[in-house]
Each structure stands twice: as C-alpha cells, then as structure tokens.
Amino acid sequence: MANTPRAALNDLKRIVIKVGTSTLMYPTGGINLQRIEKLAFVLTDLRNQGKEVILVSSGAIGVGCHCLKLNERPTSIPQQQAVAAVGQSELMTLYSKFFSEYTQVVGQVLLTRDVLDYPESRENVTNTFQQLLAMGIIPIVNENDTVAIDELDHQTKFGDNDSLSALVAEITQADLLIMLSDIDGFYDKNPTIHDDARLFSTIHAITDELLLLAGGNGSRFGTGGMITKLKAADHVLNQQSQMVLANGVDPMIIFKIMTGEKVGTHFYRK
Ligand code: ADP
C-alpha cells in the first residue's frame, strides 16, 4: 500500500527461490510443464548473470498423485510418503530435463529439520550447499518425506516448504528469498474471498496484527497458506535478509523483482 519506489535488487548475489505446489500443478491435478520450463529458463539466466541460485520446490505429493492417477491427496502419513517418493523422483526428472535444455546442471538436496539441530549435520549441509554453488550447480531442495515425521519428542518435519525455504536462506546466508505462490502477494484480507482486499507492497516487521490477516490456505494441493509465509518472512527479517512474495503464474516475474519493479510484497527491515 506504500507508494515509494522499490530499490533494485540486482546487486544481490545469492538468491533462494521457493515455488509452491500451486505454481507447479494445474488445478486439475496435472503437471504445469510450461511453468516448470519457464522457471528453468529464468533461474538459468540468473545463474548466467553470475548469481548463485537455490530452488526450494514443493510438489512431490502433487506430482506423485498425478503419476499414480489419484484424484486427491491421500490422508495417511505412509500413503503420503509413498506418493511423495514417486513424485519426488518424477519432479527431479522433469527439472533435470528442462534445466539441461539450457545446459544448467542441478543437484537434489533432501533435508529434515533435525539435521539443522545437530552442529555436525548442519555443517555437512552447509558444506554441500557451498560446494554445489561453487561448482555453478543449482541445488533443488525439498523435505525428505521418507524420514520426516512430526513426533512430540523428536521433530524432524518442517511441516511446509515455506519454513524450509527460510531455513535454507539462513544456512546459505542468502541475500534474498523469493517465494512464488498462486497469489500476487500479502493482502489485508484473503483476496480469493474479499474483492476489496488490498495488497501490501512493503512490510518491515511481522506483527501479531498482520498474522491475524492471514486466512486459511486456498489451493488444492498446497499446504502452507499465508501464516507460514509470514513466519518465513519473520525468520528472514531476523537474519537481516529480505523476502519477496509474488505470483508464480509467470516465472518471468523474477526478472521484474530483481529490477525493482513494484510487484508482490517486499519484506525488508528499514
Ligand atoms: P502455495 O501452494 O503457493 O504455498 P497456499 O495455497 O498455501 O500457496 O497459500 C496461498 C493462499 O493463501 C492464497 O491463494 C489465498 O487463498 C490464501 N490467503 C489467505 N489469506 C491471505 C492474505 N491475507 N493474502 C493473500 N492470500 C491469502
């Protein structure tokens, strides 16, 4: 809602991009190949500009449902894990195919929350990212659904890739997190329900009042919704980094974000 122009983000070097399931899948449950192809084009171009790029991608369960011809997400955890195992390898096959069209090499990184709690594992994860980036590879990160479970005494699960992307931004000390969703940014109320919802262009702090404006999630296969995106933004702001939440309907929007065009919601400390 603020009217000041955006600063260009072109000088930022290390960028994490998170795509939600709604960006990768059609509402019918089919895989959006056009979008995955465009994403591969844009991210490779950023690499060619000399940036370091990390992709955090949801979609394993959505793609798995598509491969197994399931009309809806299964409810039991083992079923979801099985579907994710099928979907994750298919998703990586698609990414490898599209990125290789632009001669960009990608590497798969699967994480669980607890690796970040143990200094040794955390160091291993950090070293892997550093090495991949030093070799010009784009890491494609997802949660390791086979081992990730959420128990009271031993939390291994991120729960959603919004928080995973914020943690990846922290571990890699990224300059910017770009979160692509099915909505233009963060509004003062859920715009899929309220016609008069107004977009926040910039946000400098995540307050309790803002959290109250984030309603439930809207997409069929997505899980996080706005609360997890605001929490991710809070995490990023606490790391003295910045985040842009924008619509992933056209991945070219990433170029607009980098040149400071006023799209999406820009979270940064004043
Ligand atoms: P993704 O799959 O991209 O992570 P989600 O479906 O989990 O996306 O979350 C995005 C959805 O959150 C939007 O489509 C919208 O329906 C809902 N939403 C709820 N409150 C808000 C808000 N205040 N501003 C924007 N979107 C909101």
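Select K51 and show what surrounds its side chain. Leaving out residues up to four places away in sequence, K51 touches N10, L12, K13, I15, L46 and M258. The model is a predicted one, and the tour below follows its computed geometry. K51 sits in the loop that runs between α2 (33-48) and β2 (52-57).

Which side chain of opposite charge is nearest to K51? It is D11, 6.5 Å away, and K51 has no salt bridge although it is buried. A salt bridge here requires a nitrogen-to-oxygen distance within 4 Å. Now display the backbone oxygens of N10 and L12. The oxygen of N10 is 2.6 Å from a polar atom of the K51 side chain. For the backbone oxygen of L12, the distance to a polar atom of that K51 side chain is 3.1 Å. N10 and L12 are also among the residues that K51 touches.

Next, select K18, D162 and K229 together. Salt bridges that share partners join K18, D162 and K229 into one network. Begin at the K18 end: its side chain meets that of D162 in a salt bridge, with 2.7 Å from N to O. K18 belongs to strand β1 (residues 14-19) and D162 to helix α6 (residues 161-171), so colouring by secondary structure shows a link between distant parts of the chain, 144 residues apart. Are K18 and D162 buried or exposed? K18 is buried, and D162 is buried too.

Stay on D162 and turn to its other partner in the network. D162 forms a salt bridge with K229, where the closest N and O atoms are 3.1 Å apart. Because D162 lies in helix α6 and K229 in helix α8, this pair ties together parts that are 67 residues apart in sequence. K229 is buried, as is D162. In general, side chains of opposite charge can pair when their charged atoms come close.

How many salt bridges does the model have by this rule? The count comes to 6. Another to display is the one between D196 and K189, whose side chains meet at 3.0 Å, N to O. K189 is partly exposed, because its relative accessible area is 28%.

From K189, move to L213. K189 is one of the residues in contact with L213; the others are F186, Y187, D188 and F200, with neighbours within four places in sequence left aside. L213 lies in the loop between α7 (208-212) and α8 (225-238). Its relative accessible area is 29%, so L213 counts as partly exposed. To see how far this loop position is from another part of the chain, draw a distance from the C-alpha of L213 to that of G260: the two atoms are separated by 26 Å, and the residues are 47 apart along the chain.

Now select helix α3 (60-67). How many of the residues of α3 are buried? The number is 6 of 8, and the helix is mostly covered. The buried residues are A60, I61, G62, V63, G64 and C65. To see part of what covers them, add α4 and β4 (138-143) to the display.

Continue past the end of α3. K69 follows the helix and has a positive phi, near 55°. K69 is not a glycine, yet its phi is positive. The residue is found in the loop between α3 and α4. K69 counts as exposed because its relative accessibility is 72%.

In this loop, between α3 (60-67) and α4 (77-101), L70 is also found. L70 is partly exposed, since its relative accessible area is 34%. Select L68 and V86 along with L70 and show the surface: L68, L70 and V86 make a nonpolar patch of about 210 Å².

For the last stop, select T103, in the loop between α4 and β3 (106-111). What is the phi of T103 near? It is near 55°, a positive value in a residue other than glycine. T103 has 71% relative accessibility and therefore counts as exposed. Going back to K69 gives another non-glycine residue with a positive phi of about 55°.

Methods
Residues are numbered from 1 along each chain as its sequence is written. This is a predicted model: local features need pLDDT of at least 70, side-chain atom pairs count only at pLDDT 80 or more; totals for chains, interfaces and linings use all residues. Side-chain values use heavy atoms; hydrogens and water are left out. Helices (H or I, at least four residues) and strands (E, at least two) are DSSP runs, numbered from the N terminus. Buried means under 20% relative accessible area, exposed over 50%, partly exposed in between (1.4 Å probe, protein chains only). Lys and Arg count as positive and Asp and Glu as negative; His and the chain ends are not counted. A polar contact is a pair of N or O atoms within 3.5 Å; within protein, one must be able to donate a hydrogen and the other to accept it, and residues adjacent in sequence count only if both atoms are side-chain atoms. Contact means heavy atoms within 4.5 Å. Patches are made of residues with over 30% relative accessible area and no salt bridge: like charges are joined within 9 Å, nonpolar side chains (Val, Leu, Ile, Met, Phe, Trp, Tyr) within 5 Å. Accessible areas come from the Shrake-Rupley method with a 1.4 Å probe; for residues, only the protein chains shown count as cover.
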